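Please look over the sequence and the model shown here before reading the report. The text begins with one residue and then turns to the whole chain.

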Amino acid sequence: MKYQYVFEWLDQLISVTLHPENKTNAGLKDEAILSLQRKVEEEMVNIQSTLKKEIFCIKNERALELRVAQYQTTLIRLLDQVYQQKKNCPILLEGLYNTLKETLEHLLHFIEHHFDRYFSQDQRVPLTYWQISKKHLLQQSKKIGSLYHTGTIDVQIVPIVMRALQPLLNSKDAITYRQKAYLETLFTQILTLEVNSSSDKLFTPLHELLLYLNFNHAEIVSFLVKGLEDSTSTIATHEEKRAKLHYTMQYIRQLPLKPGFSLFPDLPSVQTFLLEWIEFELDYLESQSQPTTMHIPTPTDEKDSKIQLSVSVAMLGLFLRLLTEEGIITNKNQSGLVRFFATHCTTTRQNEISSDSLYGSYFKPQPGTVRMMKECLLRMQGLLHKKF
């Protein structure tokens, strides 16, 4: 079927006829406005029929995905225009704008309902949706702040959660469907938790909820790791500490996770970060339990056999992370990978690289290190173009 722009008439009406700079729309009479309203309602029925015929005739799945995304983008754009133009429209046009808003929302819901598999959750929601949701979310955030007051066991983690979400909650621009769904689910479930529940479990109900919804913000990961560190710091023997860590690992692995939910979809889950920390601790305890041998000075030729680097340990850690994320390095045992490079590499400042410092740089690169790495990669790209 030959493609046609199905929203042409609606787009023309909103972008041209009703545009604030078009002075002729101020002279529209009641009859003309009512006629436009009826035309808008008729157009909605025609568009639905056209969409069904056109989309169901597309046999290529990728083409169908692109077409649905295009329709979704167009409807969101038109809804945003209606939302902005309605703020200062003449009183006579309010009814027409309300009809346009309802029609566009109906068509957007129609696309989302019938083609949910191809409906992009990473597109921004219409501004009118965001303003309504934002008001409700801000009210919920105040309730959460008042519930988790001084004296509760979660008094430290709630401010971290709220601080991490402030950029989204204070955003003037609309956020994505995925982010909106995440915030609404998180706040609703936090408010249903029993705040002062006492439990002998490893995590509080709020901690488990953040794991369940994969609140993989760096501050939350650090907070939970510190809690695990504190829980094992008072254990005297390596055997008891290993047993505690193994129990913790099994406990975290059996916690339920909500499929498809993540604060940052491109980052590993909170569960992954915690399990990797535990594995690193177990590897460290294992190395400490190995029998010590007399230190024999390393011959000069063995020192020279190490890979000598001009970058810092922080840069090396971030570079290894990039190679792993890109799939160039495919080793699953990341702690073993870090130990290997710590053993076989040396920098201009450090003859001996600590596994702990390299591991820290691998998982928590500092902003300055990221900036220097970007500059280094850009220089390498320039060298590639120049030499090859």
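## From one residue to the whole chain

Arg77 is found in helix α3, which covers residues 61–86; helices here are DSSP runs of H or I with at least four residues, strands are runs of E with at least two, and both are numbered from the N terminus. The model is a predicted one, in which local features need pLDDT of at least 70 and side-chain atom pairs count only at pLDDT 80 or more, while totals for chains, interfaces and linings use all residues. Residues are numbered from 1 along each chain as its sequence is written, and side-chain values use heavy atoms, with hydrogens and water left out.

With a relative accessibility of 35%, Arg77 counts as partly exposed, a class that lies between buried (under 20% relative accessible area) and exposed (over 50%), using a 1.4 Å probe and protein chains only. When residues up to four places away in sequence are not counted, Arg77 touches Tyr5, Asp11 and Ser15, where contact means heavy atoms within 4.5 Å.

Three other residues can be set side by side, each with its place and its accessibility.

| Residue | Place | Relative accessible area |
|---|---|---|
| Lys374 | helix α16 (residues 367–387) | 55%, exposed |
| Asn214 | loop between α8 (205–212) and α9 (218–233) | 10%, buried |
| Leu267 | loop between α10 (238–253) and α11 (270–289) | 41%, partly exposed |

Asn214 also has a phi near 55°, which is a positive value in a residue other than glycine.

Distances between C-alpha atoms help to place these residues in space. Arg77 and Leu127 are 50 residues apart in sequence and 9.3 Å apart in space. The C-alpha atoms of Leu267 and Lys86, which are 181 residues apart along the chain, are separated by 40 Å, and those of Lys374 and Thr50, 324 residues apart along the chain, are separated by 48 Å.

How many helices and strands are there in the protein? There are 16 helices and 2 strands. The protein is more spread out than a compact globule, because its radius of gyration of 29 Å is well over the 21 Å that the globule rule gives for 388 residues; this radius is taken over C-alpha atoms, and the rule is 2.2 Å times the number of residues to the power 0.38. Taken along the principal axes, the box filled by the C-alpha atoms is roughly 100 × 65 × 40 Å.

Of the 388 residues, 41% count as buried. In soluble globular proteins, nonpolar side chains tend to be buried together. Here the largest nonpolar core has 101 residues, and those that touch the most other members are Leu100, Leu165, Leu186, Phe203, Phe215, Leu274 and Leu358; such a core is a set of buried Ala, Val, Leu, Ile, Met, Phe, Trp, Tyr and Cys residues joined through side-chain atoms within 4.5 Å. Leaving aside neighbours within four places in sequence, Leu358 is in contact with residues including Val313, Leu316, Phe341 and Ile353. Across the protein, residues 24 or more positions apart account for 79% of the contacts with a separation of 6 or more.
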